[in-house]
Amino acid sequence: MVSGQSLPETIQLPSGATGYLQWPENYDVPKGDRGLVIALHGLRQTPLQTLAAWAPVSASLNLVILTPSGSVYAEGYTREPIDDRVRIRELRDHMVEKYGIDPSKVYLAGFSRGGNYAIELGLISPDVFPYVLCLYGFYNDANDPILKSGVSENLYDKSQFYLVTGHGDMTEASLRGVHRKLKDQGVFGKLHVFPNLFHAYPDNFPGFFKSVLKSWEDRG
């Protein structure tokens, strides 16, 4: 059992990668069978704000939540001079090696700017991040060569991208576009368009995320 669950735990690696970790109360899942959500924040948001949004999911679905810190507050995550994509991967590896997270139960999620990076990491490292949830993010067309190369090498057989936007939201066109690209390339993607939800986490978020997990599990 993990004690001290009431307060988030700070993680800081020698590389400079940092984040906050939330354990469900009275957590007693054995090492090697633990599920983890890596939740990426948006522009001008903090890891603790994101952790607060995901805390009900942790409590309801008995999942560990990790919220990595972006390098620059105004931009969220960056690619240079600090590559936060590398740091997010380092944090994932640390969780698997030190905390007994099951690598097959690592779920990468991102809101807004974090959603951009969630898609990107799912394309760059599909073996590590096969399950990707993008909440109101954008797709970067610069990733097109990565997608096509990964398809040609059959890297996305286990990948599942779950894309969430709202009808009329500024991200709708972009996520509809990437959904079509994934479909055209034979990569599994699901698009969920809320009729009246704009750039916000869904109501009853634990219930919503439970449905996302079920869609992934049903497909296998």
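Guide: Buried means under 20% relative accessible area, exposed means over 50%, and partly exposed sits in between (1.4 Å probe, protein chains only). This is a predicted model, with residues numbered from 1 along each chain as its sequence is written, and local features need pLDDT of at least 70, side-chain atom pairs 80 or more, while totals for chains, interfaces and linings use all residues. Side-chain values use heavy atoms, leaving out hydrogens and water.

Visitor: What pattern does the protein chain follow, read along the sequence?

Guide: Start with the inventory: six helices and eight strands. These are DSSP runs numbered from the N terminus (helices H or I, at least four residues; strands E, at least two). Walk along the sequence and you get β-β-β-α-β-α-β-α-β-α-β-α-β-α.

Visitor: What is the radius of gyration of the protein chain?

Guide: For scale, the C-alpha atoms fill a box of roughly 45 × 35 × 35 Å along the principal axes. The globule rule (2.2 Å times the number of residues to the power 0.38, with the radius taken over C-alpha atoms) is the yardstick here. That rule gives 17 Å for 220 residues, and the chain comes close to it, so it is as compact as a globular protein of that length, with a radius of gyration of 16 Å.

Visitor: What percentage of the contacts with a separation of 6 or more is between residues 24 or more positions apart?

Guide: Half the chain is tucked away to begin with, as buried residues make up 50% of the 220. A contact means heavy atoms within 4.5 Å. Take the contacts with a separation of 6 or more, and the share from residues 24 or more positions apart is 72%.

Visitor: How many salt bridges are there?

Guide: Side chains of opposite charge can pair when their charged atoms come close. The rule asks for a side-chain nitrogen of Lys or Arg within 4 Å of a carboxyl oxygen of Asp or Glu. By that rule, the count is 10.

Visitor: Which residue forms a salt bridge with E120?

Guide: E120 is buried, at 2% relative accessible area. Its salt-bridge partner has an N atom 2.9 Å from the closest O, and that partner is R79.

Visitor: How many residues apart in sequence are the parts that E120 and R79 tie together?

Guide: R79 is partly exposed, at 29% relative accessible area, and pairs with E120 in a salt bridge. E120 lies in helix α3 (residues 113-124) and R79 in the loop between β4 (64-68) and α2 (84-99), so the parts they tie together are separated in sequence by 41 residues.

Visitor: Which residues are linked with R79 and E120 in a network of salt bridges?

Guide: The E120 to R79 pair, at 2.9 Å, is a good place to start. The network of salt bridges takes in both of these, along with D83 and R85.

Visitor: In which helix do D93 and R89 both lie?

Guide: D93 and R89 form a salt bridge, with the closest N and O atoms 3.1 Å apart. R89 is partly exposed, with a relative accessible area of 30%. The two sit four residues apart, about one turn, in helix α2.

Visitor: Where does K181 lie?

Guide: K181 is partly exposed, at 25% relative accessible area. The side chain of K181 meets that of D141 in a salt bridge at 3.0 Å, N to O. D141 lies in the loop between β6 (131-135) and α4 (144-152), so the pair ties together parts 40 residues apart in sequence, with K181 in helix α5 (residues 172-184).
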